[in-house]
Amino acid sequence: MNSSANVLLFGIARDLTGQSSVLVPLAPDTRVSDLLTTIHKQYPALLGIQSLLVAVNGEYAEADQPLTPQDEIALIPPVSGG
Amino acid sequence: MIALTSTPIDVASALNYLQSSQAGAVDLFLGVVRDNTQNRPVDRLEYEAYDKMALSEIQKIVDSAHHRWTLLGCVVIHRTGTLLIGEMAVLIGVATAHRADAFDACRYIIDTIKQTVPIWKKEIFTDGEVWVNAHP
């Protein structure tokens with residue numbers, strides 16, 4: 001059975017989707033890069049962002065990091081604090 | 001001391017926090033809202049943070065600064081929400097024995113915050129808006 005992940009969106013990613021979080025199907029063995037592919041298919045508008053990183057449980061994640069439904073996942077568009 | 005706040009930053013209390021009898025230098029960097037971006041008039045900025053991760057990423061930067069320099073005190077406070085022209089968006093403060101370390105550490109902290117901390121700034125112009133750094 002497939003589960004899904006609730007992915008937090010901030011800044012331009014939130015504006016482009018009109019949502020502060022989105023549900024994304026999470027097949028077993030889904031990795032960060034797979035998640036990005038799925039999200040880009042669901043929300044092609046996100047392809048317009050210069051770069052999109054993924055944070056897992058509050059830490060920047062590598063593309064090959066595996067994901068579980070328990071993880072807190074967030075999309076991190078280019079930061080611009082300061 | 002590390003904080004995100006939706007209310008104005010209190011410089012006096014930050015300075016007070018940095019008091020140390022061993023300090024020969026206290027550096028404050030204040031980032032404030034400018035009235036234009038490349039001559040396009042700015043009306044206001046809106047800051048948004050992934051709070052939990054922003055705090056932990058700032059903590060990593062402060063830890064790294066402590067590793068590189070002998071800091072007697074360090075304060076980082078970043079605003080969130082709507083900021084008008086002239087308002088303070090960020091305060092970095094460090095206390096050290098000598099001024100060179102204070103200047104260097106202060107600059108390192110603000111420069112690194114701009115690169116890694118999940119905080120986003122939207123510039124609201126009189127005729128549109130843009131998330132800074134987000135567009136190709």
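This passage describes the fold of chain B in a predicted model, its contact with chain A, and the packing of selected helices.

Chain B comprises 3 helices and 9 strands, and from the N terminus on these elements follow the order β-α-β-β-β-α-β-β-β-α-β-β. Along its principal axes, the C-alpha trace of chain B spans about 50 × 25 × 25 Å. The radius of gyration of chain B is 16 Å, which agrees with the value near 14 Å that a compact globule of 136 residues would have. Of the 136 residues of chain B, 34% count as buried. Among the contacts in chain B with a separation of 6 or more, 76% are accounted for by residues 24 or more positions apart.

The contact between the two chains takes 24 residues from chain B and 15 residues from chain A. On the side of chain B that touches chain A, at least two residues each are supplied by helix H2 (51-68), strand S7 (88-96), helix H3 (99-116) and strand S8 (119-125). H3(B) gives the most to this side of chain B, with 4 residues. By residue class, the side of chain B that touches chain A divides into 14 nonpolar, 6 polar and 4 charged residues.

Helix H3 of chain B was examined further. H3(B) has 18 residues and reaches 26 Å from its first C-alpha to its last, a span close to the 26 Å expected at 1.5 Å a residue. The buried residues in H3(B) are B:Asp101, B:Ala102, B:Ala105, B:Cys106, B:Ile109 and B:Ile113. Because these residues cover an arc of only 125 degrees around the axis, they are placed on the same side of H3(B). On the other side of H3(B), by contrast, B:Arg99, B:Ala100, B:Asp111 and B:Gln115 are exposed. The buried residues of H3(B) are covered by elements of chain B that include strand S2 (25-32), H2, strand S5 (73-79) and S7.

Within this helix, B:Ile109 also belongs to the largest nonpolar core, which has 60 residues and in which A:Val7 and B:Ile109 are those with the most contacts. When residues up to four places away in sequence are not counted, B:Ile109 touches B:Ile61, B:Val62, B:Ala65, B:Val76 and B:Ile92. One of these partners, B:Val62, is found in helix H2 of chain B, and B:Val62 counts as buried because 22 C-beta neighbours lie inside 10 Å, where the cut-off for burial is 20 or more. With the same exclusion of residues up to four places away in sequence, B:Val62 touches B:Ile2, B:Cys74, B:Val76 and B:Ile109. B:Val76 is thus listed as a partner of B:Ile109 and as a partner of B:Val62. B:Val62 and B:Ala3, which are 59 residues apart in sequence, are 12 Å apart in space from C-alpha to C-alpha.

In chain A, helix H2 (residues 32-42) contains the buried residues A:Val32, A:Leu35 and A:Ile39. These residues cover an arc of only 55 degrees around the axis and therefore lie on the same side of H2(A). On the other side of H2(A), A:Thr37 and A:Lys41 are exposed. The buried residues of H2(A) pack against three strands of chain A, namely strand S1 (3-8), strand S2 (21-26) and strand S3 (53-56).

Note on methods:
Residues are numbered from 1 along each chain as its sequence is written. Chains are lettered from A and ligands numbered from 1 in the order in which they are written. This is a predicted model: local features need pLDDT of at least 70, side-chain atom pairs count only at pLDDT 80 or more; totals for chains, interfaces and linings use all residues. A nonpolar core is a set of buried Ala, Val, Leu, Ile, Met, Phe, Trp, Tyr and Cys residues joined through C-beta atoms within 7 Å. A residue is buried if 20 or more other C-beta atoms lie within 10 Å of its own, exposed if 12 or fewer, and partly exposed in between; C-beta atoms are placed from the backbone. Two residues are in contact if their C-beta atoms, placed from the backbone, lie within 7 Å. The radius of gyration is taken over C-alpha atoms; the globule rule is 2.2 Å times the number of residues to the power 0.38. Ala, Val, Leu, Ile, Met, Phe, Trp, Tyr, Cys and Pro count as nonpolar, Asp, Glu, Lys and Arg as charged, and the others, Gly among them, as polar. The arc is that of the directions from the helix axis to the C-beta atoms. The expected span of a helix is 1.5 Å times one less than its number of residues.
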